[in-house]
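Me: Could you take a close look at one part of this structure and explain, step by step, what surrounds it? I am new to this structure, so please take your time.

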Amino acid sequence: MPILDLNVVEFVSGSPIQTARIGERLGKLLRGGEIICLEGSLGAGKTCFAQGLGRGWGATDDLTSPTFTLIHELRRASDKARLYHVDLYRIEKEAEAWMLGLTDLMDATASVVIEWPERAPALLPPERLWIKLETLDDTRRRLTFKATEQAHLNLLNALKKSAFGI
Ligand SMILES: Nc1ncnc2c1ncn2[C@@H]1O[C@H](COP(=O)(O)OP(=O)(O)OP(=O)(O)O)[C@@H](O)[C@H]1O
Ligand SMILES: [Mg+2]
């Protein structure tokens with residue numbers, strides 16, 4: 001696992017289970033206010049990762065790929081926290097995301113995981129954990145994690161410790 005610089009971690013996942021498991025470890029670390037961006041082409045594993053994340057966070061419902069809803073709210077039994085799963089694949093223009101209240105969500109204390117964040121770049125706050133998923137072959141995906149400021153860097157460091165033991 002090469003460490004490119006302090007803010008970047010690269011990891012190759014060998015299976016959907018492994019991808020979901022890293023998501024699960026990240027989900028366990030969320031405390032509210034995080035923006036997790038999942039960039040990657042069709043079938044790269046964004047939803048697979050987000051499903052694990054929802055599980056780790058403790059969501060009462062399974063996280064699915066919403067077909068018509070752009071924003072899906074998840075709850076958990078232990079407290080009143082919210083996790084929002086956003087899929088911008090079908091977004092027409094950034095104004096649409098703004099109207100959907102995406103910016104309100106991101107100002108709040110909830111945790112937000114976003115598929116296809118590159119479709120509405122101007123809406124995203126500069127503070128975030130950006131995860132790029134690349135398809136290497138049928139079963140392997142390269143995940144590149146990049147944190148942009150201290151809070152998300154702390155999250156990335158906690159994930160490194162939890163997932164990779166470093
Ligand atoms: N290492 C891997 N990690 C994640 N998924 C994998 C891996 N290897 C194979 N796959 C397969 O790739 C597909 C990933 O699907 P997934 O829905 O998570 O992609 P996505 O990035 O959300 O796509 P979309 O842009 O359509 O929403 C699944 O069929 C999964 O079984
Ligand atoms: Mg998806």
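Reply: Phenylalanine 145 is found in strand S7, which covers residues 141-147; helices (H or I, at least four residues) and strands (E, at least two) are DSSP runs, numbered from the N terminus. This is a predicted model, in which local features need pLDDT of at least 70, side-chain atom pairs count only at pLDDT 80 or more, and totals for chains, interfaces and linings use all residues. Residues are numbered from 1 along each chain as its sequence is written, chains are lettered from A and ligands numbered from 1 in the order in which they are written, and side-chain values use heavy atoms, without hydrogens and water.

With a relative accessibility of 1%, phenylalanine 145 counts as buried, a word that stands for under 20% relative accessible area (exposed is over 50%, partly exposed in between; 1.4 Å probe, protein chains only). Setting aside the neighbours within four places in sequence, phenylalanine 145 is in contact (heavy atoms within 4.5 Å) with Asn7, Val8, Val9, Phe11, Ile22, Phe49, Leu129, Trp130, Ile131, Leu156 and Leu159. Glutamate 10 is 135 residues away from phenylalanine 145 along the sequence, yet in space the two C-alpha atoms are 6.2 Å apart.

Leucine 133, for its part, has its place in strand S6, which spans residues 129-135. Leucine 133 is buried too, at a relative accessible area of 3%, and the residues that it contacts, again without those up to four places away, include Thr19, Gly40, Lys46, Arg142 and Leu143. From leucine 133 to valine 8 there are 125 residues in sequence, and 13 Å in space between the C-alpha atoms.

Before S6 comes the loop that follows S5, and leucine 124 lies in this loop. Leucine 124 is buried, its relative accessible area being 9%, and it touches Cys37, Met106, Ile114, Pro117 and Trp130 when residues up to four places away are not counted. The loop between S5 and S6 also holds tryptophan 116, which is buried with a relative accessible area of 10%. Tryptophan 116 has a phi near 60°, a positive value in a residue other than glycine. Most residues other than glycine have a negative phi.

The magnesium ion, ligand 2, is coordinated by Thr47 through OG1 and by Glu115 through OE, at 2.0 to 2.3 Å; donors are N, O and S atoms within 2.8 Å of the metal (3.2 Å for Na, K and Ca), and, water not being among the atoms, sites may look incomplete. This pair links distant parts of the chain, for threonine 47 belongs to helix H2 (residues 46-57) and glutamate 115 to strand S5 (residues 111-115), and the two are 68 residues apart. Threonine 47 is buried at 18% relative accessible area, and glutamate 115 counts as buried at 3% relative accessibility.

For the wider setting, the protein has five helices and seven strands, which run β-α-β-α-β-β-α-α-β-β-β-α from the N terminus on. Along the principal axes, the C-alpha trace of the protein spans about 40 × 35 × 30 Å. Buried residues make up 46% of the 166 residues. Among the contacts with a separation of 6 or more, 63% join residues that are 24 or more positions apart, and the pairing of phenylalanine 145 with Val8, already listed among its contacts, belongs to the picture drawn here.
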